[in-house]
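Here's a set of worked exercises to try with the coordinates open. Have a go at each task before reading its solution.

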Amino acid sequence: MEDFSLYVPLITVLAATWRMATPIIFAAIGAMFSEKAGVLNIGLEGIMLIGAFSGFAAAVHGAPIFVAFVFALLVGAVAGAIFGYLTVYLKTNQIVVGAAFNLLGLGITGFLYRVGDFGSSGIKISNPISIPFLADIPFVGPILFQHTPMVYLTLPLVFMAFFVLYRTAYGLNLRAAGDYPNALAAAGQSVNLHRFSAVVLGCSIVSVGGAFLTLSYTNQFVEGIVSGRGFMALAVIVFGRWTPLGIFGASLLFGLFFALQLFLQTISDAAIPYQAFQAMPYVLTIVVLVLVGGRSNAPKFLTVPFQR
Amino acid sequence: MRYAETIKSLGAPVLAIAIALAFGALLIEVAGFSSVEAYSEMWTGIFGSMRNFSEVLLKATPLILIGAGLAISFRSGVWNIGAEGQFYAGGMVAAVVALQMEGVNAWISIPVILIAASLAGAFWGGIAGFLRARYGASEIVTTIMLNYVAIILTSYLVTGPLMEAQGLFPQSDRFPQETQLPRILSGTRLNIGIYIAIIAAIVSWYIISQSRRGFSMRAVGASPDAARYAGINVNKNIIYSISYSGALAGLAASIELIGVTKRLFQTISPGYGFEGIAVALLANNNPLGAIFSGALFGALRSGAEIMQIGAGVPSVLIFIIQGLVIISVITLGTIRAYRKLRPED
Amino acid sequence: MSKHSNILEMRNISKRFPGGVVANNDVTIEVRQGEVHCLLGENGAGKSVLMSILYGLHHASDGEIFLRGEKVKIASPKEARNLRIGMVHQHFMLVPTLTVAQNVILGQYPAGTVLNMIPEVSQKLVELGRRFKLPVDPGALVMDLTVGEQQRVEIIKALYHGADLLIFDEPTAVLTPKEIAGFLDFVRHLRDEGITSIFITHKLDEVIAVADRITVLRDARKIGTVLAAETDPSELARMMVGRDVLMKLGDVRHDVGEVVVKINGLSANNSRGLEALSDVSFDVRAGEIVGIAGVSGNGQSELCLALTGLLESTSGSIQIDGEEIARLLPRGVAEKGVAHVPEDRHKLGVILPFSISENMVIHQFRKEPFSKMGRLLKKNISEYSRALTTEYRVRMRDTEQPIGDLSGGNQQKVVVARELARNPRFAVINQLTRGVDIGAIEFLLKKILEARNKGTAILLVSTELEELFAVCDRILVMSGGRIAGEFDGGRENLEEIGMLMATDVAS
């Protein structure tokens with residue numbers, strides 16, 4: 001404890017890490033389901049915006065936070081159903097539809113926010129819950145045990161994702177749909193139905209990640225509030241090599257960069273420009289892609305529509 | 001017969017725009033406004049005065065450039081989602097060069113800026129092309145990542161090395177007068193950029209459909225295996241096509257900077273790079289068509305601002321219309337291809 | 001013999017695809033309980049489609065299926081499995097990133113099921129493996145297994161699900177000679193265990209080695225069923241390739257010109273890294289057609305790709321007029337005067353969305369008169385294309401329509417026209433007549449002869465012996481990646497060629 005001056009900022013940064021990582025974890029885990037089944041959704045940014053807005057709208061109209069999250073989840077499922085119908089059943093290009101969803105998300109939420117009446121005072125967001133005893137442990141306490149429920153929820157989420165993907169028949173089918181759909185079809189299962197369901201499930205979770213921003217992080221909706229987190233989730237999936245645990249770890253790392261750059265912005269004469277940490281996730285993702293190259297862990301039939 | 005086919009090929013885009021506008025009207029009505037009023041305000045915003053129309057063309061300029069470039073990239077089978085980043089790369093270099101041009105003759109300074117920015121955009125796109133050709137890294141992911149790297153670099157420049165001397169705002173100093181792109185209509189901001197954009201679109205059309213290089217690129221886009229059989233270097237053409245689209249995005253940025261904003265700042269693009277995807281798709285990846293689809297989206301953007309002021313309908317509506325245009329175009333295209341595939345059933 | 005000894009009867013099966021392709025035409029087969037029944041025929045004879053119908057992947061346009069004496073309708077692979085039919089596909093239906101046990105139970109349980117039965121499944125797989133002499137490691141990832149091991153997984157997957165009628169689709173096409181021997185032993189063992197096998201193949205030696213009875217298909221029709229004990233390879237070869245005899249279209253010529261192509265000790269690997277072409281040497285002279293006979297998959301594809309720069313050879317040399325071309329890229333090879341009609345027309349030969357005119361010049365668009373200073377001279381390209389399509393009687397609307405609109409035969413005419421119009425020194429022509437209607441076959445062969453008479457050295461690779469007899473001056477037989485024999489181009493050598501095609505020199 002010689003250099004006391006760094007102690008408090010260190011705690012602040014580390015405590016912010018998990019919080020910063022939370023929306024990305026939700027978005028990346030959700031998108032992972034769809035990618036594992038073979039559907040790439042680059043429209044995460046738009047879906048998250050829709051989630052952020054619908055959760056916020058529900059809360060403004062008096063819904064309890066929990067209900068607002070559920071509402072965001074349902075709206076995300078609807079968005080996913082549209083995306084899935086277009087890409088899986090009509091077999092339109094996934095990248096193009098994803099790009100359109102980003103525009104739609106920006107447009108729809110911006111439009112509704114401006115024409116609707118959402119007050120200006122914001123909403124009452126969920127409070128951090130301190131875990132008894134654990135929260136009082138010095139250093140570790142504030143970093144790990146004083147968070148809002150959604151932050152803690154990332155743990156069961158990651159566990160759930162792991163369990164579904166690797167321990168259930170559904171997960172087995174999903175992975176087959178993305179890695180070699182012909183085998184799934186030969187086993188008598190519908191590739192399209194599995195892909196569609198994965199997209200719907202995935203978008204619901206992505207949407208919750210967006211809602212976190214308005215219901216647990218700030219208390220307001222701002223146009224474009226997602227500000228790149230959707231794209232960062234895409235990077236996290238690559239970086240985490242399409243596994244739930246990898247995604248969790250990569251999100252925490254990226255969350256750390258996020259927290260660091262926010263902290264650096266508050267320091268007037270920092271030796272390192274905060275943008276260095278801002279850019280780190282994207283640069284690292286490119287590096288990972290280059291290193292694994294053709295041997296990448298990506299599902300083999302990602303972006304390829306299923307044709308028997 | 002050629003004409004009949006041309007008219008037929010116009011069918012899907014026109015229908016797509018109609019669907020999108022109709023849906024927009026529905027939204028406007030649901031939100032409690034009059035769609036007739038909103039769209040007529042938009043019409044005024046577009047054609048109401050010479051000044052309004054000049055703003056349309058001003059906004060269309062980067063969209064035409066980016067759309068024409070992306071059309072070539074998409075035709076070559078390269079999914080360049082990174083026009084936004086290539087725009088920023090061009091913008092940064094344009095600013096750095098422009099700030100050095102104090103006292104240099106405009107006949108020299110302007111071409112130098114435009115060329116430097118194009119090269120920067122080409123380089124930024126070329127990175128993703130190289131990584132795909134050499135390491136098999138998906139250009140979809142790398143271009144998205146490079147978007148952010150460029151945007152963050154820009155943010156670094158305007159808060160650091162290039163920050164204005166006064167140190168008030170995160171923006172560069174004003175570029176010297178010598179770098180001002182010549183205006184073509186007095187009393188408006190319209191400059192020769194629109195000419196450059198149209199010429200670039202025509203050149204792009206020439207390259208992709210009339211030149212040897214374009215033949216190779218299209219072959220690579222249509223069938224990489226057959227292209228290799230025909231002795232065409234697939235990797236080289238991937239890098240060429242994405243670099244070319246990057247160059248046009250960089251060029252667009254320099255025109256925007258020395259023609260309109262006069263400074264580098266953090267958000268020099270309101271999403272031109274993503275909108276350019278819609279422009280290219282609506283044009284069915286034909287660079288000549290990008291002149292019209294770029295103008296249309298420029299008009300929507302410009303008209304929407306007047307619509308917002310006049311009718312109170314939020315201008316973000318145009319993002320919805322753009323998104324719907326993309327989805328309609330691609331869905332109509334898929335349905336048509338599907339019908340063609342199975343005439344029997 | 002009474003009816004119930006037949007485990008399967010497929011009666012009067014016909015299958016017509018949209019677009020008019022007839023894959024099966026009134027085919028009837030009977031398979032007896034416990035036998036190894038071979039379905040023999042060349043590529044496109046209709047054997048795979050027939051079995052796909054049995055497995056529920058395709059639906060017959062006409063005909064009936066009786067299984068164990070009962071009439072059945074098989075709408076999907078799932079129903080086929082429920083009827084205890086198993087299929088081992090040529091392209092394995094295994095997910096590379098899953099384990100053996102996971103692949104076995106893929107798709108078998110409702111989505112909500114928690115997979116806690118894996119240990120039991122693994123246990124059962126090990127037991128089955130012991131019983132059928134088919135050891136597998138249930139926990140291994142499929143992508144870590146060799147091709148032979150993957151095939152074992154496919155078989156044990158079917159047995160796990162209780163199949164007693166197994167369909168093998170070209171099971172040996174992917175195996176090494178050593179694996180093939182083991183596989184054939186295994187099929188015999190299955191018969192001893194009471195399993196009925198239907199074995200799709202075009203390899204005569206395997207048929208003789210393992211079958212009880214053999215049904216030969218040709219051109220979508222059944223030619224006949226024979227007892228393995230009462231037939232021999234040459235009879236089978238005749239049944240298989242006995243397409244309507246083509247007239248000899250040109251005289252056999254000897255030593256007509258100087259040696260143009262000199263191939264020495266050429267070896268190359270296939271896409272899986274296995275040696276597919278071993279130490280091949282031969283010459284082709286100016287004005288000579290050399291045919292390569294052989295059943296598919298004996299190195300012919302690799303030979304053609306290596307000769308044209310599309311596949312890197314592992315050793316050996318290829319000389320054109322004394323110049324080494326083995327290390328050149330496709331473009332360099334083409335510039336030395338080598339033309340290539342590829343086997344896979346849709347993947348290599350044509351660019352489907354391109355117009356006929358554009359396809360006509362995909363090698364030459366860089367040169368005058370087709371381009372100048374980087375600009376395509378479309379008028380010249382169209383004129384050139386019009387002249388060639390007229391000469392080759394390509395049926396089309398106009399030269400600017402996408403080539404994908406044309407029938408297979410007309411597409412092939414465009415490819416042949418393109419390749420021969422360059423007046424090549426050497427033309428590599430692989431499966432000239434595949435997917436081409438009878439009328440166009442003779443026309444194309446005459447064009448090949450014309451090129452020969454103009455002095456081009458031609459290598460004509462075909463699985464259709466009649467096609468080779470019609471035009472070749474010499475015929476080489478390929479087997480197991482080597483040249484197994486050389487013959488004069490007359491059809492009097494049919495029997496001997498058939499025998500050589502049937503023996504695998506590598507094993």
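**Exercise 1. Size up the contact of chain B and chain A.**

Start with the area: chain B and chain A bury about 3500 Å² between them, 85% of it on carbon and sulfur atoms. Buried area here is the accessible area (1.4 Å probe) that two parts lose on being put together, summed over both. Next, see who contributes: Met145(B), Tyr148(B) and Ile152(B) supply 17% of the area that chain B buries against chain A, more than any other three residues.

Before going on, a word on the ground rules. This is a predicted model, where local features need pLDDT of at least 70, side-chain atom pairs count only at pLDDT 80 or more, and totals for chains, interfaces and linings use all residues. Residues are numbered from 1 along each chain as its sequence is written, chains are lettered from A and ligands numbered from 1 in the order in which they are written, and side-chain values use heavy atoms, leaving out hydrogens and water.

Now count residues: 42 from chain B and 41 from chain A take part in the contact, with contact meaning heavy atoms within 4.5 Å. Then look for charge pairs: the rule finds 0 salt bridges across this interface, a salt bridge being a side-chain nitrogen of Lys or Arg within 4 Å of a carboxyl oxygen of Asp or Glu. There are, however, 3 residue pairs in polar contact (both at pLDDT 80 or more). A polar contact is a pair of N or O atoms within 3.5 Å; within protein, one must be able to donate a hydrogen and the other to accept it, and residues adjacent in sequence count only if both atoms are side-chain atoms.

Finally, map the elements: α1 (2–30), α5 (106–135), α6 (139–159), α11 and α13 (317–341) of chain B each give at least two residues to the side that touches chain A. The largest share, 12 residues, comes from α6(B). Helices (H or I, at least four residues) and strands (E, at least two) are DSSP runs, numbered from the N terminus.

**Exercise 2. Is Gly273(B) buried or exposed, and what does Gly273(B) touch?**

First find its place: Gly273(B) sits in helix α11 (residues 272–282) of chain B. Its relative accessible area is 0%, so Gly273(B) is buried; the cut-offs are under 20% for buried, over 50% for exposed and partly exposed in between (1.4 Å probe, protein chains only). Not counting residues up to four places away in sequence, Gly273(B) touches Ile66(B), Leu70(B), Ala83(B) and Glu84(B).

**Exercise 3. Describe how domain 2 and domain 3 of chain C meet.**

Get the bounds: chain C is divided into domain 1 (3–241), domain 2 (246–337 + 425–507) and domain 3 (347–421), with bounds from an automatic or database domain assignment. The C-alpha centres of domain 2 and domain 3 of chain C lie 25 Å apart. In the contact, 16 residues of domain 2 face 11 residues of domain 3, and the two domains bury about 1100 Å² between them, 70% of it on carbon and sulfur atoms.

Then check the charges: the rule finds 1 salt bridge across this interface. Helix α15 (residues 438–453) of chain C gives the largest share of the domain 2 side, 7 residues.

**Exercise 4. Compare the surroundings of three salt bridges in chain C.**

Take Arg331(C) and Glu335(C), whose closest N and O atoms are 3.7 Å apart. They are 4 residues apart in helix α10 (residues 330–335) of chain C, so about one helical turn separates them. Arg331(C) is partly exposed at 35%, while Glu335(C) counts as exposed at 53%.

Move on to Arg418(C) and Glu419(C), whose side chains meet at 2.8 Å, N to O. Arg418(C) is buried at 1% relative accessibility, and Glu419(C) is buried at 1% too.

End with Asp473(C) and Arg452(C), bridged at 2.7 Å. This pair links distant parts of the chain, 21 residues apart: Asp473(C) lies in the loop between α16 (465–471) and β21 (474–479), Arg452(C) in helix α15 of chain C. Asp473(C) is buried at 0% and Arg452(C) is buried at 4%.
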